[in-house]
Amino acid sequence: MQKFDRSRHLTRRTFLHADDCDLSELAALCGTVSDPADYPLSAAVEKGVLVYDCPALLPRLTDPAFADTLMAEWADAFANGPGVVVLSGAEPDLAMIDRASDIFRDLITRQNAAGTGGGDHFAKPGANDRLWNSLEKHCLADPGNFARYYANPFLALVSQAWLGPYYQMTAQLNVVNPGGAAQSPHRDYHLGFQSAQAVARYPRHVHLFSPMLTLQGAIAHVDASIESGPTLLLPHSQKYEAGYLATSRPDFRAYFDAHAVQLPLKKGDMLFFSPALFHAAGTNRTSDVKRMVNLFQVSSAYGRAMEAIDRTAMCRALYPALLTANLSETEAANAIAATAEGYSFPTNLDRDPPIGGLAPKSQAALMHEAIAARWTPDALNAALELQARKRLP
């Protein structure tokens, strides 16, 4: 009998591997039937997706007990249910949405004329019109319209349901033009914006808590028929633990293509889902509909370090020492990890778009590049300054 190898067992349990992904496990999860009895405040279940009638719910939101019950239902839906909800009629002020659409179109026109913007995490550049950081740009362009837009009670309530208070709102406008092809199926920020090789280095518990730090959502700025390519969704897929590794596998992508669902959205409808849900923007098969949606990416208040650190100054000081120190490659990497910003976000995606990859180059990656090529300190300082300027608001 083969002796039990506890060390190997712990390693395999702690670190997930793409080779261990089992499509039958995902299929079993996605075969779950969403039971409306589990979500009594929902109005319907369509293609496995919970649909809530917001005009009917609105008068009851002033009751704190009812609001807590609704938030509990949504939180359970994201974690244990289908992973996705549609908030039908969440924003009834369509004239306000139309004004916001005009603002966004004007900003896109200016962006295109200036040759800025572009890039997409999961689609070919040029397939869509992207307006990065639509949140800030909207606020500065028309504060009054912005105030009415983000005063929406359902947007606030669903954000708090998943993330608690003091959440951080960001938004990016996406316009899928006629003929725009679908995105590849993926999970979202944080782990979803990294390569499979990078994701495999994170222990299993990080795979499990990453979706708890972000909520994905969108509001439709136009009526989005199925032909216009609303988001493809795979209900219950957020519960598959190894999903951040599985989305890059051809067999899992084929399963997504065969089983993903789409729901048409009316102007003012909102869609929210766990960032771990397998999803993708659909193909716009119309000849005349520019499918405009504003994507909400709401983050936990806790995704921040305790102290403010000038890591650029630290990199400048450290680099000459690394050139002369008698350190192994691993030791130098450890010193860089303690010094440089190893994560690509947050950044200014207008100046620092994810072209050629899922994320822009990090400060730590720049340091490694400099060490490998034996740049002069002046060359690194110039590169650090340029990178810092790109990341500024």
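The paragraphs below lead through two groups of paired strands and one pair of packed helices in a predicted model.

A convenient place to begin is strand S2, which spans residues 49-53. Because 4 of the 5 residues of S2 are buried, this strand is largely enclosed by the rest of the structure. One of its partners is strand S1, made up of residues 44-46, and the two pair in the antiparallel sense over 3 bridges. Within this pairing Val45 stands opposite Leu50 in S2. The connection between S1 and S2 is a hairpin with 2 residues between the strands, and in that turn Lys47 has a positive phi of about 55°. S2 is also joined to strand S3, residues 84-88, but here the two strands run parallel, and 4 bridges link them. To find this pairing in the structure, the reader can look for Tyr52, whose bridge partner in S3 is Leu87. S2 thus has an antiparallel pairing with S1 and a parallel pairing with S3.

Further along the chain, strand S10 covers residues 291-299, and it is mostly covered in its turn, with 8 of its 9 residues buried. Which strands pair with S10, and in what sense? Strand S5, residues 168-176, pairs with S10 in the antiparallel sense over 9 bridges, and in this pairing Thr170 stands opposite Gln297 of S10. Strand S6, residues 214-220, likewise pairs with S10 in the antiparallel sense, over 7 bridges, and here Leu215 has Val298 in S10 as its bridge partner.

The helices call for another kind of description, since two packed helices are described by the angle between their axes and the distance between the axes. Helix H15, which runs through residues 363-373, packs against helix H16, residues 377-391, at an angle of about 160°, and their axes lie 11 Å apart. That angle makes H15 roughly antiparallel to H16, as angles over 145 degrees count as roughly antiparallel. The crossing of the two helices is right-handed.

Which residues of H15 and H16 meet where the helices pack? From H15 come Gln363, Leu366, Met367 and Ala370, and they meet Leu380, Ala383, Leu384 and Gln387 in H16. Sorted by class, this contact has 6 nonpolar and 2 polar residues, with no charged residues. Gln363 in H15 and Gln387 in H16 are among the residues that meet there, and a reader tracing the contact may use them as landmarks, together with Leu366 and Met367 of H15 and Leu380 and Leu384 of H16.

Note on methods:
Residues numbered from 1 in each chain as written. Predicted model: local features only at pLDDT ≥ 70, side-chain atom pairs only at ≥ 80, totals over all residues. Heavy atoms only, no water. Axes fitted to C-alpha atoms, helices over the stretch in contact; angles between N-to-C directions. Parallel < 35°, antiparallel > 145°, perpendicular 65-115°, else oblique. Left-handed = near helix turned anticlockwise from the far one by under 90°. Contact = heavy atoms within 4.5 Å. Nonpolar A, V, L, I, M, F, W, Y, C, P; charged D, E, K, R; others polar. Buried < 20%, exposed > 50% of the residue type's maximum accessible area, 1.4 Å probe, protein only. Pairing = 2+ DSSP bridges.
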